[in-house]
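Here are my notes on the protein–DNA contact region, set out as numbered points for checking against the coordinates.

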Amino acid sequence: MFEGVLVTTSSGLFASFVGQGGIFRSRDVLRSTYTPKELPHREEQIQELASVLAPALHGETPSNILIYGKTGTGKTAVAKYVGKELEEADAGSTCSVIYLNCEVVDTQYRVLAHLARHFDKDIPMTGWPTDQVYSEFRNALDEKKRVVVIMLDEVDKLVRKGDDVLYNLSRINSDLVQARVSLIGISNDLKFTEFLDPRVKSSLGEDEIIFPPYNAEQIQDILEQRAELAFRPGVLADDVIPLCAAFAAREHGDARRALDLLRIAGEIAERARSQMITEEHVKAARDKIEQDRVEEVIKTLPTQSKLVLYSILLLEEQAARNITTSAVYGMYKQLCPLVEVESLTHRRITDLIAELDMLGILHTVVISKGRYGRTKEISLSVHPPKLKSILLQDYRLKDLANFSVPTQARFGPV
DNA sequence: CCTCCACAGGAAACAGGGGCGA
DNA sequence: TCGCCCCTGTTTCCTGTGGAGG
């Protein structure tokens, strides 16, 4: 039955993927790592940052800057863009820009090693005393007259682990004879300076730039600009971009979300061998993103919460109607010894159920049954078989796989 | 209209693990 | 190194409450 098909495509497993026109011209354009040539609706911030950094071109030291803004507001893109422009505008090659992401490079040693390597210094991954790495870096830096702009993306991650680096870097200029350093801190936590050493705070925050969230129209512009590069002409249905923008604007103006949505919609359309991306694909993409989020949340839940979820799952499986907190607690009590977990109190389970409700995994309603008391009715908002398979991925719960409800539990003494 | 069920959910105490200064 | 404090998750104790049945 399938032989015919196999023979015709035997030229290669991927033949059908190569042959078909495809939707994407370049899907990387829609990834967050891509830095576009133009940044719509960020002209103001670009100007501000550029005017602060401009003195570097005359060999003067620019002020240190802190850049604030929520995720997906273009902080990193603007910083990288301006950095690139600065290096290109610099004729005498006296200034350079070093970008590093403090979420990846997250300790004092690694930051300094990274900086020193930028000047072709050989620094081992580990082993040297930190101050040796520091002086190595400083010497390399001071070899000639130049201005170095250091961009620290997600500085807040660095602060959590002690801000010694920031302190050292912020006063490195007094240690230098020829070279000059200017710092740019990028943070999405507006309050992170509260945890900062006051000296670092005042030196780092000489200048501040705030990035407001995008609104729906602005996101739409960004999407249109990227879509032109990312997709083949004519594959986008008219309402796709406005829809993506509307979904993302609802989530506090995060452009990254909008781009993800568009990219995933494209991937879904491509997989479906569709010639066009339609509204349906965008909705499917939104659902997929939401599903992935829920899956991630469930996977990282503490064991106790997973047990509670599993209890509700079992109750749902035996088609119990109106699942109450105490029914869940009864089931939970039975499960605990099976996985060798200390059981918590009823009160605590009430809270765990409330948390699961908050996360959108459950849905609960408080109802009063008059004479017969007051309870919470609980229902799952995740597809039960799916939930089961996610929960059983946890090795601690594997013993529950073939557990079935003892009958006397259902019709036990009243 | 009143009662009283069977819980919800607030308040406070508690446990124990980690970080920090002396 | 020790003691102290703080933070988070938990327990204990408690008060509050919507509405069916009397």
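**Notes on the surface near DNA strand B**

1. In this predicted model, a polar backbone atom of Gly 370 lies 2.9 Å from a base oxygen of DNA strand B. A polar backbone atom of Gly 373 is likewise placed 3.1 Å from a base oxygen of DNA strand B, whereas the backbone N or O atom of Arg 374 is 3.3 Å from a sugar or linking oxygen of that strand.

2. Two or more residues each are given to the surface near DNA strand B by helix H15 (325–338), helix H16 (346–358) and strand E8 (374–380). The residues around DNA strand B include Thr 325 and Ser 326, His 346, Arg 347 and Thr 350, and also Thr 375 and Lys 376.

3. By class, this surface has 7 polar, 4 charged and 1 nonpolar residues. On the nucleic acid side, 63% of the atoms of DNA strand B within 4 Å of the protein belong to sugar or phosphate, and the rest belong to bases.

4. Strand E8 also takes part in an open sheet of 3 strands, in which the order is E6-E8-E7 and the pairing is antiparallel. Strand E6 (323–324) and strand E7 (362–368) are the edge strands, each of them pairing on one side only.

5. The antiparallel strands E6 and E8 are joined by 2 bridges, and Glu 377 in E8 is the bridge partner of Thr 324.

6. Helix H16, which contributes to the surface near DNA strand B, lies across E7 and E8 and runs at about 125° to E7.

Key
Residues are numbered from 1 along each chain as its sequence is written. Chains are lettered from A and ligands numbered from 1 in the order in which they are written. This is a predicted model: local features need pLDDT of at least 70, side-chain atom pairs count only at pLDDT 80 or more; totals for chains, interfaces and linings use all residues. Side-chain values use heavy atoms; hydrogens and water are left out. A residue is near a molecule or strand if one of its heavy atoms lies within 4 Å of it. A polar contact is a pair of N or O atoms within 3.5 Å; within protein, one must be able to donate a hydrogen and the other to accept it, and residues adjacent in sequence count only if both atoms are side-chain atoms. Helices (H or I, at least four residues) and strands (E, at least two) are DSSP runs, numbered from the N terminus. Ala, Val, Leu, Ile, Met, Phe, Trp, Tyr, Cys and Pro count as nonpolar, Asp, Glu, Lys and Arg as charged, and the others, Gly among them, as polar. Two strands pair if DSSP finds at least two bridges between them. Contact means heavy atoms within 4.5 Å. Axes are lines fitted to C-alpha atoms, for helices over the stretch in contact, and angles run from 0 to 180 degrees between N-to-C directions.
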